[in-house]
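The exercises below are meant to be worked through slowly, with the chain and its fold in view. Try each task before you read its solution.

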Amino acid sequence: FDNRDGVIWMDGKFIPWNDANVHVLTHGLHYASCVFEGERAYDGEVFRLAEHTDRLIESARILGFELPFSAEEINAAHRELLQRMNFSDAYVRPVAWRGSEMMGVAARQNTIHVAIAAWQWPSYFDAAERMKGIRLDLAEWRRPDPRTIPSKAKASGLYMICTLSKHAAENKGYADAMMLDWRGYVAEATGANIFFVKEGALHTPLADCFLNGITRQTVIGLARKRGLTVHERHILPEELDGFEECFLTGSAAEVTPVSEIGPHRFVPGAITRQMVEDYAAATRPQRATAAA
Ligand code: PMP
């Protein structure tokens, strides 16, 4: 990733990809004073860009810093970046962090840096492959109590246990891991929210100690538009055997069917397929309209 052609937007300027570096004494690197977003562009437009940018700004505020750019400036930088990279479909990664002026836990004076990079990262699966579902391990790490860490921020520090859980899962041959929360309720995967299907209704954990994903909110809206009932509630791991279908949602993962979680089996079915299709249509409104 650190040796490519193209440009990265950094602190208000487009610079060559290979020059977008930080100093080793960057506060964000040592103390996780860093927030980021994960977005996808479809047909030249970032899906739900305004929500992602607002969440980036809010995540920074939760960590006690203000971005030195307005939402409009960040959104304009996204558009120009996609044009300069000549990307129609891309993954986009904005990131903001405290710089390197002061070393130590306190670093109020440090410059706030912001960068946006984009690269081509096709959907994880083609349509047929996707419907087979992925296999999830049960993670040992739990999503923390919101009194332990500001869990509403999309902050780097929250990802340490995600990387640990994902590596442990991959070492055992799984694609990803499902994490419980600090109370023992089902929470989410390491970079995506989770949904279950039972008797024609959707069930998804209440997002009270992890990211209420933009994709999660989109899918809840799409499901309700289809007339499906969506229960946002606490879900116990003991309930997993009673669910028929399961899928993950996230900007990168989109809608990804799940076939296994540890010893539990699911068969991706009609409702999962409908959500995959509805999300694909929502992210590509021009094509959906053209086909109608
Ligand atoms: N949970 C975690 C831990 C994530 O990293 C993500 C991806 N940003 C999500 C949920 C899904 O969020 P979104 O739908 O906003 O991408």
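A residue is called buried if 20 or more other C-beta atoms lie within 10 Å of its own, exposed if 12 or fewer do, and partly exposed in between. The model used throughout is a predicted one, with a mean pLDDT of 96 for the protein and scores of ipTM 0.99 and pTM 0.96.

**Exercise 1. Decide whether alanine 187 is buried or exposed, and find which residues it touches.**

Step 1. Begin with the place of the residue in the fold: alanine 187 belongs to strand S10, which covers residues 186-189.

Step 2. Apply the cut-off: alanine 187 has 26 C-beta neighbours inside 10 Å, and therefore it counts as buried.

Step 3. List the contacts, leaving aside residues up to four places away in sequence: alanine 187 touches Arg143, Met179, Leu180, Asp181, Pro205 and Phe210.

**Exercise 2. Follow leucine 211 and state how far its C-alpha atom is from those of alanine 187 and alanine 153.**

Step 1. Leucine 211 is located in the loop between S12 and H6, and because 22 C-beta neighbours lie inside 10 Å, leucine 211 counts as buried.

Step 2. Along the chain, alanine 187 and leucine 211 are 24 residues apart, while their C-alpha atoms are separated by 9.7 Å.

Step 3. For leucine 211 and alanine 153 the chain separation is 58 residues, and the C-alpha atoms are separated by 7.3 Å.

**Exercise 3. Compare the span of helix H2 with the expected one, and work out where its buried residues lie.**

Step 1. Helix H2 runs over residues 49-62, and its 14 residues should span 20 Å at 1.5 Å a residue; the end C-alpha atoms are 20 Å apart, so the two values agree.

Step 2. The buried residues of H2 are His52, Thr53, Arg55, Leu56, Ser59 and Ala60. Seen down the helix axis, these buried residues fall within an arc of 160°, and therefore they line one face of H2.

Step 3. Among the elements that cover the buried residues of H2 are strand S3 (34-36), strand S4 (39-42), helix H3 (71-85) and H6.

Step 4. Look past the end of the helix, where H2 is followed by glycine 64 with a positive phi near 90°.

**Exercise 4. Describe the buried residues of H5 and those on its other side.**

Step 1. Helix H5, residues 160-171, has 12 residues and reaches 17 Å from its first C-alpha to its last, which is close to the 16 Å expected at 1.5 Å a residue.

Step 2. Ser165, Lys166 and Ala169 are the buried residues in H5. Their directions, seen down the axis of H5, fall within an arc of 100°, so they line one face of the helix.

Step 3. The buried residues of H5 pack against strand S8 (134-143) and strand S9 (176-181), whereas Met160, Thr163, His167 and Asn171, on the other side of H5, are exposed.

Step 4. After H5 comes glycine 173, whose phi is positive and near 90°.

**Exercise 5. Examine the phi angles of aspartate 11 and glutamate 199, and say where each residue sits.**

Step 1. Recall the general rule, which is that most residues other than glycine have a negative phi.

Step 2. Aspartate 11 has a positive phi, near 50°, although it is a residue other than glycine. Aspartate 11 sits in the loop between strand S1 (7-10) and strand S2 (13-16), and because 14 other C-beta atoms lie within 10 Å, it is partly exposed.

Step 3. Glutamate 199, also not a glycine, has a positive phi of about 45°. Its place is the loop between strand S11 (193-198) and strand S12 (201-205), and with 9 C-beta neighbours inside 10 Å, glutamate 199 counts as exposed.

**Exercise 6. Describe the shell around the ligand and state which element gives the largest share of it.**

Step 1. The ligand is surrounded by 15 residues, of which the closest are Gly213, Ile214, Thr215, Gly250 and Ser251.

Step 2. Helix H6 (214-225) and strand S14 (245-250) are the elements that give two or more residues to this shell, and the largest share, three residues, comes from H6.

Step 3. Sorted by kind, the residues of the shell divide into five nonpolar, eight polar and two charged.

Step 4. Return to H6 itself, whose buried residues include Ile214 and Thr215, and note that glycine 227, just after H6, takes a positive phi of about 85°.

How values were computed
Residues are numbered from 1 along each chain as its sequence is written. This is a predicted model: local features need pLDDT of at least 70, side-chain atom pairs count only at pLDDT 80 or more; totals for chains, interfaces and linings use all residues. A residue is near a molecule or strand if its C-beta atom, placed from the backbone, lies within 6 Å of it. Helices (H or I, at least four residues) and strands (E, at least two) are DSSP runs, numbered from the N terminus. Ala, Val, Leu, Ile, Met, Phe, Trp, Tyr, Cys and Pro count as nonpolar, Asp, Glu, Lys and Arg as charged, and the others, Gly among them, as polar. pLDDT is the predictor's confidence in each residue, from 0 to 100. The expected span of a helix is 1.5 Å times one less than its number of residues. The arc is that of the directions from the helix axis to the C-beta atoms. Two residues are in contact if their C-beta atoms, placed from the backbone, lie within 7 Å.
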